[in-house]
Amino acid sequence: MDRKTRAAAEQHFRGAEGGVQGGGLVPRGVAFIPDPCAFSYADFVTGFLLPNLPCVFSSAFTESWGSRRRWVTPAGKPDFEYLVRKYGDVVVPVANCGVQEYNSNPKQHMPLRDYIAYWQEYIQHGGSSPRGCLYLKDWHLCRDSSAEDLEDVFTLPVYFSSDWLNEFWDALGVDDYRFVYAGPRGTWSPFHADIFRSYSWSVNICGRKKWLLFPPGQEEALRDNHGSLPYDVTSSTLMDTRLHPAQSSPPLEVTQEAGEMLFVPSGWHHQVYNLDDTISINHNWVNGCNLANMWHFLQQELQAVQREVGQWKDSMPDWHHHCQVIMRSCSGINFEEFYHFLKVIAERRLLVLGQGEQGTPGHSVDLGLGLQQAVFDIGRLAEVLASVVTHPDFQRVDTSTFSPQPQELLRQLQDALGTTRAL
């Protein structure tokens, strides 16, 4: 990030209520970015990240990826022989697209070689199987592989380098939000928005996908008369005005070709179909631009839990603590863990800032986006942390063992901002 881009980003959030990104004006279509040499990180930030709009990058952006050569046959199909030889013993999660379980699909686990055997049989039988329509989803290839093994699979595009979510989990060495999806023609993902209101990017290593994209807020018109969102936005039941009294605008529809990369903005609900035998690499990510969206989402999640168990508020000891426990089990994170997420990123950015001010070259925690990115990040962290520490439910969290204490971390961030005016 350069100084001009940082200034534009800071100006953008000064005018945004609570720093929360919406969809803005609904675009007529999704922009296509053809040439890597003519599209900079600054172009992406100002054109798509800040206005929270989707875009498709051409296959030229991923043509050097090893996975596009090794995982794919000359005919453009998945190279099953290579995948079995390389990853056959890896146990992967597999969803059954033909079975609805709430608003998702039930999963099982199996070795990749068994899933590929199923996939080949599915093709041979004309796109059907007595086992159903199975889709390999959320395979943590990065988490389960060595850095050396991943070197030639893909290269993280610079546009998505400011990735706090995976930076945090990498620092803990526990988990990540980097996935491989793979499945035959006809596999699909039900209607949803990405976890924590994260951004996502998705690259088709081979095959094509059809995306139905709904800007933030448009999903509200899809709720039924009980307030629930649909499992399948193409279902004929959405035409029944007794069940769905509101009328929704049509989605943006995108056909993503092999090698192309789609940016899905924060809070955009979507439904996705594989039009061919398809393999994709997908990351969820959060950074300073959608941090407030994540915080807003977590507050909504806690409120939903509190409504569900509100009748026991007066009779249940430590009711507020139990709400946080339930929230974590449902959402994957609670207010305590959110603070630790902020703390890890804040301490790393403060280190970058300190080293940058001293002129220390090659600092290990700089993710390649420079001092201006660190300054921008510190500003966003300070704004969201200021909201967190004053939230009544966060004030009920036992922070006695936190180091630093939340107010102290906020002071460090605010003090650091005071030193960056000349940068």
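**Exercise 1. The surroundings of Thr62**

Which backbone oxygen lies 2.7 Å from a polar atom of the side chain of Thr62? Work with the predicted model, and place the residue in its setting as you go.

*Solution.*
Step 1. Begin with the position along the chain: Thr62 sits in the loop that runs between β2 (55-57) and α3 (67-70).
Step 2. Next consider accessibility, where Thr62 has a relative accessible area of 0%; since the cut-off for buried is under 20%, the residue is therefore classed as buried.
Step 3. Then list the contacts: leaving aside residues up to four places away in sequence, Thr62 touches Arg68, Val203 and Gly259.
Step 4. The oxygen asked for belongs to the backbone of Gly259, and it lies 2.7 Å from a polar atom of the Thr62 side chain. With the cut-off for a polar contact being a pair of N or O atoms within 3.5 Å, the distance of 2.7 Å can be set against that limit.

**Exercise 2. The order of the open sheet**

Determine in which order the nine strands of the open sheet are arranged, and identify its edge strands.

*Solution.*
Step 1. Reading across the open sheet, the nine strands follow the order β1-β2-β11-β8-β13-β6-β5-β3-β4, and their pairing is mixed.
Step 2. The edges are formed by β1 (31-33) and β4 (107-111), each of which pairs on one side only.
Step 3. From one strand to the next, the twist averages 25 degrees.
Step 4. For one pairing within this order, take strand β5 (residues 134-139) and strand β6 (residues 178-183), which are joined in the antiparallel sense over two bridges; here Leu136 stands opposite Ala182 in β6.
Step 5. Finally, add the helix that lies across part of the sheet: helix α5 (residues 112-124) crosses β3 (91-96), β4, β5, β6 and β13, and runs at about 105 degrees to β4.

**Exercise 3. Strand β11 and its two partners**

Describe how β11 pairs with β2 and with strand β8, and state which way its side chains point.

*Solution.*
Step 1. β2 and β11 are antiparallel and are connected over three bridges, with Phe57 having Met261 as its bridge partner in β11.
Step 2. Strand β8 (residues 199-206) also pairs with β11 in the antiparallel sense, over four bridges, and Met261 in β11 is the bridge partner of Val203.
Step 3. In a regular strand the side chains alternate between the two faces of the sheet. In β11, Met261 and Phe263 point one way whereas Leu262 and Val264 point the other way, and all are buried.

**Exercise 4. Two aromatic pairs**

Classify the ring pairs Phe263 with Trp285 and Tyr339 with Phe394, and say which elements each pair links.

*Solution.*
Step 1. A pair of aromatic rings is described by the distance of the centres and the angle of the planes. The structure holds 42 aromatic pairs.
Step 2. For Phe263 and Trp285, the centres are 6.0 Å apart and the planes make 50 degrees, and the pair is tilted. Phe263 lies in strand β11 (residues 261-264) and Trp285 in strand β13 (residues 278-285), so that distant parts of the chain, 22 residues apart, are linked. Phe263 is counted as buried because its relative accessibility is 0%, and Trp285, at 0% relative accessibility, is likewise buried.
Step 3. For Tyr339 and Phe394, the centres are 6.2 Å apart and the planes stand at 45 degrees, so this pair is tilted. Because Tyr339 belongs to helix α10 (residues 335-357) and Phe394 to helix α12 (residues 392-395), the pair ties together parts 55 residues apart in sequence. Both Tyr339 and Phe394 are buried.

**Exercise 5. Leu342 in helix α10**

Work out whether Leu342 is buried or exposed, and find residues that it touches.

*Solution.*
Step 1. Leu342 lies in helix α10, and with a relative accessible area of 1% it is buried.
Step 2. Not counting residues up to four places away in sequence, Leu342 touches Leu291, Leu381, Leu385 and Val388.
Step 3. For a separation in space, compare C-alpha atoms: those of Leu342 and Phe168 are separated by 8.8 Å, although the two residues are 174 residues apart along the chain.

Notes
Residues numbered from 1 in each chain as written. Predicted model: local features only at pLDDT ≥ 70, side-chain atom pairs only at ≥ 80, totals over all residues. Heavy atoms only, no water. Buried < 20%, exposed > 50% of the residue type's maximum accessible area, 1.4 Å probe, protein only. Polar contact = N/O pair within 3.5 Å; in protein donor to acceptor, adjacent residues only side chain to side chain. Contact = heavy atoms within 4.5 Å. Phe/Tyr/Trp six-rings, centres within 6.5 Å; stacked < 30°, edge-to-face > 60°. Pairing = 2+ DSSP bridges. Axes fitted to C-alpha atoms, helices over the stretch in contact; angles between N-to-C directions.
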